[in-house]
Structures are given as structure tokens and as C-alpha cells.
Amino acid sequence: IRDHPGLTAHKGMLDSAERIKGKIHDAGNAIKRAFDKASARGLNCDLVIVGHSLGAGVAALLAILYREEYPNLRCYAYSPPGALMNEACAHYSRQFTISVVLGDDIVGRISVPSLSALANDVYTALAETEHSKSEIFCVACSATLLPCLPCCQTLHVDVEPGSLRRAASPDVDDENTPVLGSPVRRLVESMEPTATAGGYGSAAAGEAGVRFDRGFGRKNYPPVYPPGRVMHLVEMEEARGCCCCAEDSHWSPRWIPFNGLTTIAVNSRIVKDHVPHRVRDALQQLYDDSG
């Protein structure tokens with residue numbers, strides 16, 4: 001980031017933030033003119049920058065660019081991307097930025113390491129099941145769209161790290177040996193079996209006994225994080241509904257470390273928890289509960 005040695009960020013969103021700042025300057029510094037008008041009315045105002053999703057990432061970086069000019073500014077980043085800035089930048093932005101991440105929102109968890117871990121988990125799950133990939137895909141889609149129908153619950157496929165389940169097979173005696181169905185046999189044979197002791201996917205390796213590393217993410221990428229202080233809104237388990245049942249969600253806020261969202265869950269809420277109106281409703285509920 002220009003004029004901020006040691007602070008690095010996503011190039012595309014940083015370019016957007018710099019372009020927005022340039023347009024504001026070219027328009028005769030609209031922010032300064034707004035403050036001048038407020039001051040003429042006797043109002044004491046501070047600059048607040050907000051955004052959602054990729055816009056939240058741009059807003060957080062724009063706040064850094066304007067920080068020296070407006071030291072009292074605040075930024076609220078709703079559902080920001082998880083792969084936005086380096087650790088130094090995340091620490092710096094804690095002074096004036098709050099990120100809000102709802103439930104299982106996938107955007108706040110996306111990074112090269114998390115996607116690599118997810119890809120390896122999917123390959124391991126495919127190796128462990130006797131169901132065909134087309135059957136898994138069809139049932140998973142149905143369960144996502146209509147999760148409350150009994151027909152959508154006949155096949156359970158769980159690919160979350162640490163939760164892999166081995167399908168029963170009379171041909172396999174060793175409970176730690178994955179079931180290699182013919183549709184994925186050639187794929188699995190090209191993989192390298194690993195038994196990781198830590199890091200991404202280690203829980204799955206410990207439970208399944210053997211883990212197939214397809215080689216995703218072996219290049220070392222610099223760790224990246226969401227901006228500022230991170231508030232995670234957690235949905236209370238007993239309040240969950242589904243797409244065709246009345247839903248009365250209840251949320252609980254928790255401050256978490258900036259590196260606290262590194263695992264992608266696989267369920268129907270990873271997209272639903274990202275949409276703006278759901279974030280708005282959760283914040284409204286928290287506001288109402290505060291009295």
C-alpha cells in the first residue's frame with residue numbers, strides 16, 4: 001500500500017480503492033465539501049466508510065488510504081473477503097475497522113490454503129465412498145434446495161474436515177482402508193497418500209487413517225486475513241430452520257482472532273449467510289436484544 005511500508009493487500013481491491021479515492025479527488029474533494037457544509041451548520045461529523053462483500057474489502061482499504069487525512073474515521077466491513085491483507089495490515093486496521101462475518105459465510109473463509117484443504121477433503125471423501133459421484137452430486141443439490149424432504153436425507157455425504165465417513169464394503173476388511181470405487185480408482189492411484197500431523201486437514205487424516213493429497217496448494221502463498229477486528233455472528237443451533245420451514249434465527253456475537261476463520265464448511269448456509277438482508281436481519285436482532 002502506497003505510503004504504508006510493510007502493509008500489503010489484494011491488488012485488485014487495492015486498485016479499486018485507489019481509483020475511488022482518485023475520482024473523489026477529481027470531483028473537487030466531495031468529502032471535504034460535505035464536511036465544510038456540515039461544519040457551517042454547526043455539526044461535528046466523522047467519516048464512516050461501509051461496504052459489503054468485495055465492497056467491504058474495498059471499503060477497508062479505502063479507510064486505510066484516508067486514515068491520515070481523517071484520523072477519526074471508522075469502517076464497517078460486512079461479510080468481507082478473508083483473503084484481503086497481510087498480518088501487519090490486519091493489525092493496523094484494527095484501530096478503526098470492524099468486520100462482521102455471519103455464520104458459515106464462505107467469502108470470509110476463502111483463501112488458497114482453505115480451498116486447497118477443501119479440495120483434498122473432497123478427493124478423500126470420494127475415495128472413501130461407494131456411491132457414484134453423480135449420485136452424490138444429485139442428492140447434495142436436492143438436500144441444499146429442499147433439505148426438509150425425507151427423500152433428501154437418504155444419502156448422507158459429509159466432507160467437512162474431521163467428519164469423513166467410510167462407506168460399508170464387504171471387500172474391505174481393514175477399517176482404515178478407504179473404499180476405492182471404480183469411478184475414482186484411477187484418480188486416487190495418482191494421488192500421494194499422506195498422514196499429516198497438523199495444519200489443514202489433519203483432523204480428517206487422523207480419523208480416516210489415510211489421506212490423499214492431490215497436491216493442491218503446495219506452493220507457499222503468504223497468509224492473508226480479513227480486515228480489522230472480526231465479529232463472528234454465530235447462529236444458535238436450536239434456532240436453525242430450513243428453506244421451506246419458518247425460520248426464526250437467533251444470533252450470538254463473538255470477537256474472534258483475525259485468523260479465526262480458516263476452514264470452509266460444506267452446507268446450504270455458506271451462500272445464504274453471505275446475502276446482505278440476512279446480515280441486516282441478524283444485526284437488527286442483536287440491536288433489539290440489547291434493549
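Here is a friendly exchange about a predicted model, working from confidence to sheet, rings and single residues.

Biologist: What is the mean pLDDT of the chain?

Modeller: Happy to start there, since this is a predicted model. Of the chain's residues, 69% reach a pLDDT of 70 or more. Over residues 150-212 the pLDDT is below 50, and that stretch has 110 contacts in the model beyond near neighbours in sequence. For the chain, the mean pLDDT is 77.

Biologist: In what order do the five strands of the open sheet stand?

Modeller: Let's go pair by pair. E2 and E3 run parallel over four bridges, and E3 and E6 are parallel as well, with five bridges. E6 and E7 pair in the antiparallel sense over six bridges. The pairing is thus mixed, and the order is E1-E2-E3-E6-E7.

Biologist: Which strands stand at the edges of that sheet?

Modeller: In the open sheet, the order is E1-E2-E3-E6-E7. An edge strand here has a single partner strand, so one side of it is left without a neighbour in the sheet. That description fits strand E1 (48-52) and strand E7 (251-256).

Biologist: By how much are neighbouring strands of this sheet turned against each other on average?

Modeller: The sheet in question is the open one, formed by five strands with mixed pairing. With direction ignored, the average turn between neighbouring strands is 20°.

Biologist: Which helix packs on the sheet and touches E1, E2, E3, E6 and E7?

Modeller: Two helices are good to look at here. Helix H3 (residues 54-66) packs on the sheet and touches E1, E2 and E3, its direction making about 155° with that of E1. The other helix makes about 95° with the direction of E7 and reaches E1, E2, E3, strand E6 (229-235) and E7. That one is helix H10 (residues 276-289).

Biologist: Which residue in E7 is the bridge partner of Val230?

Modeller: Val230 belongs to E6, where it stands opposite Ser99. E6 is mostly covered, with six of its seven residues buried. Its antiparallel pairing with E7 runs over six bridges. In E7, Val230 has as its bridge partner Ile256.

Biologist: Is Thr97 buried or exposed?

Modeller: Thr97 is found in strand E3 (residues 97-102). Leaving out residues up to four places away in sequence, Thr97 touches Ala60, Cys75, Pro227, Gly228 and Arg229. Its relative accessibility is 1%, and buried means under 20%, so Thr97 counts as buried.

Biologist: Where does the charged end of Arg229 sit?

Modeller: Arg229 is one of the residues that Thr97 touches. Its charged end is 3.9 Å from the centre of a ring. The ring it sits over is that of Trp255.

Biologist: Why is the pair of Phe35 and Tyr70 called stacked?

Modeller: A pair of aromatic rings is described by the distance of the centres and the angle of the planes. Phe35 lies in helix H2 (residues 30-40) and Tyr70 in the loop between H3 and E2, so the pair ties together parts that are 35 residues apart in sequence. The ring centres of Phe35 and Tyr70 are 5.4 Å apart. Planes under 30 degrees apart count as stacked, and for this pair the angle is 20°.

Biologist: Which residues are linked into a cluster by ring pairs?

Modeller: Beyond the stacked pair of Phe35 and Tyr70, the rings of Tyr66 and Tyr70 have centres 5.9 Å apart and planes at 55°, so this pair is tilted. Both Tyr66 and Tyr70 are buried, while Phe35 is partly exposed at 22%. Lys21 also lies over the face of Tyr66, 5.1 Å from the ring centre. The ring cluster itself consists of Phe35, Tyr66 and Tyr70.

Biologist: How many residues apart in sequence are Gly82 and Val224?

Modeller: Gly82 is found in the loop between strand E2 (74-78) and helix H4 (87-93), and it is buried at 5% relative accessible area. Its contacts beyond four places in sequence include Val107, Val224 and Tyr225. The C-alpha atoms of Gly82 and Val224 are 7.1 Å apart in space, and the separation in sequence is 142 residues.

Biologist: What phi does Ser79 have, although it is not a glycine?

Modeller: Ser79 is placed in the loop between E2 and H4. With a relative accessible area of 0%, Ser79 is buried. Asn29, in the loop between helix H1 (11-26) and H2, has a positive phi of about 50°. For Ser79, phi is positive, at about 55°.

Key. Residues are numbered from 1 along each chain as its sequence is written. This is a predicted model: local features need pLDDT of at least 70, side-chain atom pairs count only at pLDDT 80 or more; totals for chains, interfaces and linings use all residues. Side-chain values use heavy atoms; hydrogens and water are left out. Helices (H or I, at least four residues) and strands (E, at least two) are DSSP runs, numbered from the N terminus. Buried means under 20% relative accessible area, exposed over 50%, partly exposed in between (1.4 Å probe, protein chains only). Contact means heavy atoms within 4.5 Å. Two strands pair if DSSP finds at least two bridges between them. Axes are lines fitted to C-alpha atoms, for helices over the stretch in contact, and angles run from 0 to 180 degrees between N-to-C directions. Rings of Phe, Tyr and Trp (its six-membered ring) pair if their centres lie within 6.5 Å; planes under 30 degrees apart count as stacked, over 60 as edge-to-face and the rest as tilted. A charge sits over a ring if NZ of Lys or CZ of Arg is within 6 Å of the ring centre and within 35 degrees of the ring normal. pLDDT is the predictor's confidence in each residue, from 0 to 100.
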